[in-house]
Amino acid sequence: MSTEPRLAEVAEPEPAQQAAPGTDQAVKETLEDYTLRFAPRSYRRWTPMVVATTALGGIAYMADFSIGAGIGLAHGTGNALLAIAVAAVVIFVTGFPLAYYGARYNIDLDLITRGSGFGYFGSVLTSVIFASFTFIFFALEGSIMAQGLKLGLGLPLWLGYLVSTLMVIPLVIYGMTALSKLQVWTTPIWLLLMVGPLVYLVATDPGTVDRFLAYAGTDGDGGINTASVLLGAGVCLSLIAQIGEQIDYLRFMPPKTEANKRSWWTAVVMAGPGWVVLGALKQAIGVFLAVYIIAEVGASAAPEPIQQFKGAFDAMMPSWLVVPLAVVLVVISQIKINVTNAYSGSLAWTNSFTRVTRRYPGRMVFVLVNLGFALALMEADMFSFLNSILGFYSNCAIAWVVTVATDIGINKYWLKLSPHAPEFRRGMLYAVNPVGVVAFVAASGLSIAMYFHALGDTLQPYSPVAAAVIAFVLTPLMAVVTKGRYYLRRTDDGIAEPLLDEDGNPSAVTYECHVCRQQFERPDVAACRTHDAVVCSLCLSTDKVGDHVLPAAV
């Protein structure tokens with residue numbers, strides 16, 4: 001007979017998770033952004049459309065224009081558009097299951113990854129990859145903003161880099177509450193400034209469309225070339241990890257019910273995998289504007305968004321208004337995306353550090369760490385070798401996202417070897433699950449070798465395809481080989497109350513953690529090993545000696 005603790009009685013639901021006197025500061029801080037944990041129903045007060053608008057506001061970045069321009073200039077319009085379309089399809093298909101799990105179970109991508117083939121410590125690998133994504137793209141956006149500040153205010157680039165880094169800190173401190181307001185209020189202005197010039201150019205000078213479609217690129221003859229399409233798609237696929245930032249917002253979706261299911265699904269699809277539709281359009285616009293700038297100014301300025309929009313504004317309004325509007329567009333875009341990059345990056349670094357060291361230093365520490373990495377990349381002029389960085393990074397990102405998406409879509413729903421409901425709590429998961437870790441390491445390792453020509457020049461353009469195919473094949477294969485035994489260290493968390501309510505949403509029943517003395521909802525707690533009480537997921541994460549962690553099931 002089992003002697004493991006069980007709690008038959010549950011606490012009555014309370015209206016909110018309020019801090020108790022003397023509560024540890026680390027615990028208090030995580031209650032704003034739920035850095036390492038499930039986002040409770042008591043905090044998720046936004047409507048589906050507000051969450052979706054906030055999430056989509058984070059993709060206002062200007063990098064898409066540079067990415068599209070770079071691909072178009074190198075390979076021509078036809079190859080660029082096909083590359084953008086191929087990448088968009090892959091990103092949408094892989095992003096859908098991840099977005100659904102984040103919104104349905106109210107957890108971020110790291111917590112999803114833990115229970116989808118990687119294990120409690122295994123997902124540290126992917127957290128570092130995601131954190132790298134955030135500071136790489138922060139640096140890219142910061143570089144674009146510095147170019148705008150140099151054009152509009154005459155600031156030297158090094159100072160522009162510093163300004164673009166420091167200005168986001170006050171906004172990031174306040175987490176989702178501040179970010180939702182920022183994104184909702186700035187999105188209409190951003191859309192008007194971005195779409196207006198394109199519509200004007202097409203309407204007043206149809207010849208721009210002909211020049212755009214006929215552009216052959218510097219490396220091609222205007223024809224469609226498979227290698228060129230795949231090389232371009234590899235650069236675009238570096239954005240596949242953007243789904244992690246979308247989920248950082250989608251985890252605050254309200255419970256899905258019969259009354260709101262239509263708006264709930266619309267929000268999840270639109271702000272989850274649907275982000276790539278707008279992203280692909282921006283990349284295509286980047287190609288269009290680059291071709292337009294080449295004809296008007298010259299090729300040297302074509303990849304820079306500030307120059308692209310300066311040229312477009314110059315065709316439709318008085319000269320005195322051109323530079324100020326171009327700078328306003330760049331600054332709004334940079335702020336909208338880089339508060340998200342800084343926010344999501346700090347969550348990822350904090351997740352990794354806390355699990356490895358079992359100590360929570362505070363999220364603000366890692367806001368500064370992430371910004372430090374980004375500033376170093378900017379000062380190193382990463383903008384000049386952008387496509388090389390993104391092409392290399394995409395191999396790791398593709399391997400990770402495809403592995404997790406495959407585990408959800410095939411291992412959970414088809415093979416049923418992976419637990420259907422995601423698990424993220426320490427003690428419930430094995431430290432490392434070979435299913436995801438082996439698939440990810442093999443896919444990223446082989447694709448990176450291909451990218452650096454280790455397997456020959458002919459195969460080099462196919463590295464992103466290899467990353468996706470290897471991850472897609474190995475993930476279910478490893479689940480079959482291991483018979484799914486490394487997903488759960490134990491299936492019983494010692495609490496009688498079900499994790500999900502009658503609608504399939506995470507239960508809102510609350511418990512008091514006996515360590516930090518705060519109230520937490522059912523999915524965020526487990527029974528304590530040494531007390532007839534419960535302990536929350538953060539206190540489990542920071543338990544240095546494992547006193548509270550349930551033993552493995554026998």
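Before anything else, let me say that two residues are in contact when they have heavy atoms within 4.5 Å of each other. With that in mind, consider the chain in this predicted model: among its contacts with a separation of 6 or more, 80% are between residues 24 or more positions apart.

Let me stay with the whole chain for a moment. It holds 21 helices and 4 strands, and of its 554 residues, 59% are buried. The area that the chain exposes is about 20400 Å², and carbon and sulfur atoms supply 67% of that area.

I would now like to take one helix and look at it carefully, namely α3, which runs over residues 63–75. How far apart should the ends of α3 be, if each residue adds 1.5 Å? For its 13 residues the expected span is 18 Å, and since the end C-alpha atoms are 18 Å apart in the model, the two values agree. As for its surroundings, 13 of the 13 residues of α3 are buried, so the helix is largely enclosed by the rest of the structure. Just after α3 comes Gly76, and the phi angle of this glycine is positive, near 95°.

Next, helix packing. Two packed helices are described by the angle between their axes and the distance between the axes. Take α3 again, together with α14, which covers residues 275–296: their axes come within 7 Å and cross at roughly 60°. Because angles under 35 degrees count as roughly parallel and those from 65 to 115 as roughly perpendicular, α3 and α14 are oblique to each other. On the α3 side, the residues that make the contact include Gly68, Ala69, Gly72 and Leu73, while those on the α14 side include Gly279, Gly286, Val287 and Ala290. It may help to remember that an α-helix has 3.6 residues a turn, so residues three or four places apart point the same way. The crossing of α3 and α14 is right-handed.

A second pair is α4, residues 77–105, and α12, residues 242–250, whose axes come within 8 Å and cross at roughly 25°. Are these two helices roughly parallel or oblique? With that angle, α4 is roughly parallel to α12. The contact is made by Gly95, Leu98, Ala99, Gly102 and Ala103 of α4, which meet Ile243, Ile247 and Leu250 of α12. This crossing, too, is right-handed.

Let me finish with three single residues. The first on my list is Pro476, which lies in helix α20, residues 463–482. Its relative accessible area is 15%, and because buried means under 20%, Pro476 counts as buried. Leaving aside residues up to four places away in sequence, Pro476 touches Thr406, Ile410, Asn411 and Leu415. Although Pro476 and Gly117 are 359 residues apart along the chain, their C-alpha atoms are separated by 9.8 Å.

Then there is Arg358, which is found in the loop between α16 and α17. Its phi is near 60°, a positive value in a residue other than glycine, and with a relative accessible area of 26%, Arg358 is partly exposed.

Lys416 sits in the loop between α18 and α19, and its phi, near 55°, is again a positive value in a residue other than glycine. Is Lys416 buried or exposed? At 61% relative accessibility, Lys416 counts as exposed.

Technical notes: Residues numbered from 1 in each chain as written. Predicted model: local features only at pLDDT ≥ 70, side-chain atom pairs only at ≥ 80, totals over all residues. Heavy atoms only, no water. Buried < 20%, exposed > 50% of the residue type's maximum accessible area, 1.4 Å probe, protein only. Areas by Shrake-Rupley, 256 points an atom, 1.4 Å probe, with all protein chains shown as cover. Expected span 1.5 Å × (residues − 1). Axes fitted to C-alpha atoms, helices over the stretch in contact; angles between N-to-C directions. Parallel < 35°, antiparallel > 145°, perpendicular 65-115°, else oblique. Left-handed = near helix turned anticlockwise from the far one by under 90°.
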